[in-house]
Amino acid sequence: MNLYFLVEGFQTEKRVYSSWVEHVFPALRKAETLADVHQDTYRLFKIEGNTDRVDNIERALAEIERHNKTAQNTGRGVFDHLFVCLDAEDAPYYLKVSQVEALTYGRVAPTLCHAIVHNCCLETWFLGNKPMMKRRNLQSDQLKTWKEFY
(Lines give C-alpha, C1' and ligand atoms only; values in the text may rest on other atoms or scores of the structure.)
Protein backbone atom coordinates (compact mmCIF):
# COMPACT_ATOMS: atom_id res chain seq x y z
CA MET A 1 0.00 0.00 0.00
CA ASN A 2 1.29 3.45 -0.93
CA LEU A 3 -0.09 6.69 0.50
CA TYR A 4 0.35 10.29 -0.66
CA PHE A 5 -0.33 13.15 1.75
CA LEU A 6 -0.67 16.75 0.60
CA VAL A 7 -0.37 18.89 3.75
CA GLU A 8 -0.10 22.59 4.41
CA GLY A 9 2.16 24.31 6.86
CA PHE A 10 5.84 24.68 7.57
CA GLN A 11 6.52 22.06 10.26
CA THR A 12 3.58 20.93 12.38
CA GLU A 13 1.61 19.00 9.77
CA LYS A 14 4.75 17.25 8.52
CA ARG A 15 5.57 16.08 12.03
CA VAL A 16 2.01 15.14 12.96
CA TYR A 17 1.20 13.18 9.81
CA SER A 18 4.58 11.41 9.74
CA SER A 19 4.12 10.34 13.36
CA TRP A 20 0.52 9.31 12.76
CA VAL A 21 1.37 7.18 9.70
CA GLU A 22 4.28 5.52 11.49
CA HIS A 23 2.00 4.73 14.44
CA VAL A 24 -0.98 3.43 12.44
CA PHE A 25 1.01 1.75 9.65
CA PRO A 26 4.39 0.76 11.15
CA ALA A 27 5.29 -1.28 8.03
CA LEU A 28 5.24 1.80 5.76
CA ARG A 29 8.50 3.55 4.93
CA LYS A 30 8.72 7.26 4.16
CA ALA A 31 9.62 8.07 0.56
CA GLU A 32 11.51 11.35 0.29
CA THR A 33 11.26 11.39 -3.51
CA LEU A 34 9.04 9.72 -6.10
CA ALA A 35 11.96 7.48 -7.05
CA ASP A 36 11.81 6.05 -3.50
CA VAL A 37 8.18 4.95 -3.88
CA HIS A 38 7.89 1.19 -4.29
CA GLN A 39 5.66 -0.99 -2.11
CA ASP A 40 4.51 -0.03 1.40
CA THR A 41 5.65 3.56 1.34
CA TYR A 42 4.14 6.95 1.97
CA ARG A 43 5.03 10.32 0.50
CA LEU A 44 4.36 13.48 2.39
CA PHE A 45 4.32 16.57 0.21
CA LYS A 46 4.12 19.75 2.21
CA ILE A 47 3.32 23.11 0.82
CA GLU A 48 3.71 26.33 2.68
CA GLY A 49 0.26 27.74 2.28
CA ASN A 50 -3.24 26.51 1.62
CA THR A 51 -3.70 22.99 0.29
CA ASP A 52 -7.15 23.88 -1.00
CA ARG A 53 -5.68 26.14 -3.65
CA VAL A 54 -6.50 24.49 -6.93
CA ASP A 55 -2.94 24.71 -8.29
CA ASN A 56 -1.52 22.77 -5.32
CA ILE A 57 -4.05 19.96 -5.67
CA GLU A 58 -3.56 19.92 -9.46
CA ARG A 59 0.21 19.63 -8.98
CA ALA A 60 -0.25 16.67 -6.61
CA LEU A 61 -2.67 14.97 -9.02
CA ALA A 62 -0.23 15.43 -11.92
CA GLU A 63 2.64 14.00 -9.86
CA ILE A 64 0.55 10.97 -8.85
CA GLU A 65 -0.64 10.43 -12.42
CA ARG A 66 2.95 10.52 -13.76
CA HIS A 67 4.14 8.19 -11.03
CA ASN A 68 1.27 5.71 -11.46
CA LYS A 69 1.86 5.45 -15.24
CA THR A 70 5.57 4.82 -14.72
CA ALA A 71 4.91 2.44 -11.83
CA GLN A 72 2.54 0.30 -13.85
CA ASN A 73 5.16 -0.08 -16.59
CA THR A 74 8.05 -0.83 -14.22
CA GLY A 75 6.28 -2.94 -11.60
CA ARG A 76 6.71 -0.36 -8.85
CA GLY A 77 3.77 0.35 -6.58
CA VAL A 78 1.14 2.88 -7.55
CA PHE A 79 -0.35 5.27 -5.00
CA ASP A 80 -3.40 3.67 -3.45
CA HIS A 81 -4.63 6.76 -1.59
CA LEU A 82 -4.24 10.53 -1.80
CA PHE A 83 -5.06 12.51 1.34
CA VAL A 84 -5.57 16.25 0.94
CA CYS A 85 -5.17 17.64 4.47
CA LEU A 86 -6.39 21.18 4.99
CA ASP A 87 -7.79 23.63 7.52
CA ALA A 88 -11.46 24.57 7.28
CA GLU A 89 -10.56 28.24 7.79
CA ASP A 90 -13.95 30.00 7.93
CA ALA A 91 -15.78 27.58 5.62
CA PRO A 92 -18.02 24.73 6.74
CA TYR A 93 -16.44 21.27 6.80
CA TYR A 94 -18.75 19.86 4.11
CA LEU A 95 -17.84 22.69 1.72
CA LYS A 96 -14.11 21.94 1.96
CA VAL A 97 -14.73 18.22 1.46
CA SER A 98 -16.93 18.97 -1.57
CA GLN A 99 -14.25 21.21 -3.08
CA VAL A 100 -11.59 18.50 -2.77
CA GLU A 101 -13.94 15.84 -4.13
CA ALA A 102 -14.87 18.00 -7.12
CA LEU A 103 -11.19 18.45 -8.01
CA THR A 104 -10.07 14.87 -7.43
CA TYR A 105 -12.96 12.51 -8.19
CA GLY A 106 -11.86 9.90 -10.73
CA ARG A 107 -8.80 11.89 -11.79
CA VAL A 108 -6.04 9.49 -10.80
CA ALA A 109 -7.63 6.04 -10.84
CA PRO A 110 -6.86 3.62 -9.23
CA THR A 111 -5.81 6.08 -6.51
CA LEU A 112 -8.62 6.88 -4.06
CA CYS A 113 -8.78 10.51 -2.95
CA HIS A 114 -9.78 11.69 0.52
CA ALA A 115 -10.11 15.05 2.27
CA ILE A 116 -9.00 15.46 5.86
CA VAL A 117 -10.40 18.76 7.09
CA HIS A 118 -9.29 20.33 10.37
CA ASN A 119 -11.93 22.54 11.95
CA CYS A 120 -9.12 24.74 13.22
CA CYS A 121 -5.43 24.81 12.39
CA LEU A 122 -3.38 22.08 14.07
CA GLU A 123 -1.33 24.55 16.09
CA THR A 124 -4.51 25.97 17.63
CA TRP A 125 -5.77 22.46 18.35
CA PHE A 126 -2.54 21.61 20.19
CA LEU A 127 -2.74 24.79 22.23
CA GLY A 128 -6.24 23.81 23.32
CA ASN A 129 -5.27 20.21 24.15
CA LYS A 130 -2.49 20.59 26.70
CA PRO A 131 -2.02 16.85 27.39
CA MET A 132 -0.84 16.42 23.78
CA MET A 133 1.95 18.95 24.26
CA LYS A 134 5.41 17.66 25.11
CA ARG A 135 6.64 19.19 28.33
CA ARG A 136 9.95 20.36 26.86
CA ASN A 137 8.06 22.65 24.46
CA LEU A 138 6.62 24.63 27.37
CA GLN A 139 9.95 26.43 27.82
CA SER A 140 9.61 28.50 24.66
CA ASP A 141 8.93 32.17 25.42
CA GLN A 142 6.82 32.47 22.28
CA LEU A 143 4.68 29.47 23.26
CA LYS A 144 4.24 30.82 26.79
CA THR A 145 3.03 34.12 25.31
CA TRP A 146 0.52 32.34 23.06
CA LYS A 147 -0.74 30.10 25.87
CA GLU A 148 -1.29 33.12 28.13
CA PHE A 149 -3.09 34.98 25.34
CA TYR A 150 -5.39 32.11 24.36
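# Close-ups of rings, helix and sheet

**View 1. Tyr17 tucked away in helix H1.** Tyr17 is buried, as its relative accessibility comes to 7% (buried is under 20% relative accessible area, exposed is over 50%, and partly exposed is in between, using a 1.4 Å probe and protein chains only). What you're looking at is a predicted model, where local features need pLDDT of at least 70 and side-chain atom pairs count only at pLDDT 80 or more, while totals for chains, interfaces and linings use all residues. Residue numbers start from 1 along each chain as its sequence is written, and side-chain values use heavy atoms, with hydrogens and water left out.

**View 2. Phe5 and Trp20, a ring pair between a strand and a helix.** Rings of Phe, Tyr and Trp (the six-membered one) pair if their centres lie within 6.5 Å, with planes under 30 degrees apart called stacked, over 60 edge-to-face and the rest tilted. That rule gives five aromatic pairs. For Phe5 and Trp20, the ring planes sit at 90 degrees and the centres are 6.0 Å apart, so this pair is edge-to-face. It bridges distant parts of the chain, 15 residues apart: Phe5 belongs to strand E1 (residues 2–8) and Trp20 to helix H1 (residues 12–24). (Helices, H or I with at least four residues, and strands, E with at least two, are DSSP runs numbered from the N terminus.) Phe5 is buried at a relative accessible area of 0%, whereas Trp20 is partly exposed at 36%.

**View 3. Trp20 again, this time with Tyr17.** Here the centres are 6.4 Å apart and the planes make 85 degrees, so Tyr17 and Trp20 are edge-to-face too. Both residues sit in helix H1, about one turn of the helix from each other, or three residues along. Widen the view and one aromatic cluster appears, formed by Phe5, Tyr17, Trp20 and Phe83.

**View 4. Helix H1 and its two sides.** Glu13, Tyr17, Ser18 and Val21 are the buried residues of H1. Around the axis they cover an arc of only 120 degrees, which puts them on the same side of H1 (the arc is taken from the directions from the helix axis to the C-beta atoms). On the face turned away from that buried side you'll find the exposed residues Arg15 and His23. The cover over the buried residues includes E1, E2, E3, E4, E5 and helix H4 (122–128). As for length, the 13 residues of H1 should span 18 Å at 1.5 Å a residue, and the end C-alpha atoms are indeed 18 Å apart, which agrees; the expected span is 1.5 Å times one less than the number of residues.

**View 5. The five-stranded sheet.** Parallel pairing runs through an open sheet of five strands in the order E2-E3-E1-E4-E5 (two strands pair if DSSP finds at least two bridges between them). Strand E2 (29–30) and strand E5 (112–118) are the edges, each pairing on one side only. E1 runs parallel to strand E3 (residues 41–47), with seven bridges joining the two; Val7 has Lys46 as its bridge partner in E3. Five bridges tie E1 to E4, again parallel, and Leu3 stands opposite His81 in E4.

**View 6. Strand E4, covered on both faces.** Seven of the seven residues of E4 are buried. One face carries His81, Phe83, Cys85 and Asp87, the other Leu82, Val84 and Leu86. E4 runs parallel to E5, and seven bridges hook the two together. Within that pairing, Val84 stands opposite Ala115 in E5.

**View 7. Gln11, in the loop between E1 and H1.** Gln11 sits in the loop that joins E1 and H1. Gln11 is partly exposed, with 49% relative accessibility. Its C-alpha atom is 8.7 Å from that of Lys46, although the two residues are 35 apart along the chain.

**View 8. Glu65 on helix H2.** Glu65 is part of helix H2 (residues 54–74) and counts as partly exposed at 37% relative accessibility. Neighbours within four places in sequence aside, Glu65 is in contact with Arg107 and Val108, where contact means heavy atoms within 4.5 Å. Arg76 is eleven residues along the chain from Glu65, and their C-alpha atoms are separated by 14 Å.
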